[in-house]
Amino acid sequence: MLTEAELQKKWESLTFTDNFIFSRVMHDEHICRQVVELILGVRIGKIRYLSAQDEHKTDPDSMRIIMDVFLRDENRIINVEVQTGHKKELPKRSRYYQSVADVSTTSTGTKYRDLPENILIFICTFDPFDRNYPRYTFEYICNEDKGLKLKDGSLRIFLNTKATKLSALDQKLQAFYHYLQDGVAESTLTQEIFNKITTLKNNSIERRSFMTLALKMADIEYDAYENGFERGHEAGLQAGLQDGLQQGLQQGLQQGLQQGLQQGIEQGLQQGIEQGMKQGAYQKALETAKTLLSMSLSPEQVAQGTSLPLETILQLVQEN
């Protein structure tokens, strides 16, 4: 169980790229607008819709996602995500996010020519493509003619905030990277973000909200671990004893029944304990995943929090 002091230390260590803080800061439309305009390098129009940590689904049976920040102006729909865990499926995840953004904002009867631009931005605390570029910008182009772009209005941008070569970026964007890297506020925007975070951390209601959530998550993980370990250990021990008896009989035929049985049982017990621990840990992760899904977290967030494969989380979603 986390102590009050541990929770307080964790709260004080949160940064802009932690989900809790990122969601709260990007709820500030003024800051959100500046961040988006800085990354895109263009001014955006009047924001008609702004949300953070909202769940989106194309239909009741489709895979749900939680968008960190989703906004619209007259010409664009823009989704901004912060990504702290290196996920191999990030490219396909970006594809799905853009498709959901299109479907969830397009009403019946809309003409294709009226579809707004669809922009997806991932702020990554790692290099998503291992090329050390500070940013990766993707648009559809023709393989036979690299100068021919599809111009379907879709754009995906991945920021590599761990990049060391930032000279290609303008000074304001470099300052944004520096703030994400070392927490030093060098520009007006980063100072505003810093001040916003400071205000949040001095807010007793926000602090208590975070601590309550952290304690609840810790309780869920502990209960799941206890139940999963007990069931897994018992099953593993029984299986191990059976394996041990079988091994003991086989060895007993060769080296003496008594010696073989003793050695087999010992090995079986050890294997049973190890198997039980593994099954217990896995069962704990499954129980935690189910609970987190019931709390409307996205499969990607649940996979990141439990270290289970995304395929396993998606299977749980289908089963429930």
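R208 counts as partly exposed in this predicted model, at 41% relative accessibility. Its salt-bridge partner is E4, and the closest N and O atoms of the two are 3.3 Å apart. That pair ties together distant parts of the chain: E4 sits in helix α1 (residues 4-13) and R208 in helix α7 (residues 204-255), with their positions 204 residues apart. E4 is partly exposed as well, with a relative accessible area of 46%.

**More charged pairs**

Side chains of opposite charge can pair when their charged atoms come close. Searching the whole structure turns up seven salt bridges. Another one to look at joins D28 and K196. Here, too, distant parts of the chain are linked: D28 belongs to the loop between α2 (19-25) and α3 (29-40), while K196 is in helix α6 (residues 188-201), 168 residues apart. Both ends fall in the in-between class, since partly exposed covers the range between the buried limit of 20% and the exposed limit of 50%: D28 has a relative accessible area of 22%, and K196 has 27%.

Then there's D73 with R76, a salt bridge whose closest N and O atoms are 2.8 Å apart. Are these two buried or exposed? D73 is buried, and R76 is buried too.

Here are the three pairs side by side:

| Salt bridge | Closest N and O atoms |
|---|---|
| E4 and R208 | 3.3 Å |
| D28 and K196 | 3.8 Å |
| D73 and R76 | 2.8 Å |

Some of the charged residues don't stop at a simple pair. R33, E37 and R43 are linked in a network of salt bridges.

**The cavity**

Now for the empty space. How many cavities of 30 Å³ or more are there? The count comes to one. About 90 Å³ of space lies in the largest cavity.

If you want to find this spot in the viewer, pick out the residues that line the largest cavity: N19, I66, D68, E81, V82, Q83, T84, R93, Q301 and Q304. Which elements each supply at least two residues of that lining? They are β2 (65-72), β3 (76-83) and α9 (299-306). Strand β3 gives the largest share, three residues.

As for chemistry, the lining of the largest cavity has five polar residues, three charged ones and two nonpolar ones. The lining includes the charged residues D68, E81 and R93, and its nonpolar members are I66 and V82.

Key. Residues are numbered from 1 along each chain as its sequence is written. This is a predicted model: local features need pLDDT of at least 70, side-chain atom pairs count only at pLDDT 80 or more; totals for chains, interfaces and linings use all residues. Side-chain values use heavy atoms; hydrogens and water are left out. On a 1 Å grid over the protein atoms alone, a cavity is a set of points where a 1.4 Å probe fits but cannot get out, and a pocket is an open set with protein on both sides within 12 Å along at least five of seven lines; lining residues have an atom within 4 Å of a point. Grid points are joined across faces, edges and corners, and a volume is the space filled by probe spheres set on the points. Helices (H or I, at least four residues) and strands (E, at least two) are DSSP runs, numbered from the N terminus. A salt bridge is a side-chain nitrogen of Lys or Arg within 4 Å of a carboxyl oxygen of Asp or Glu. Buried means under 20% relative accessible area, exposed over 50%, partly exposed in between (1.4 Å probe, protein chains only).
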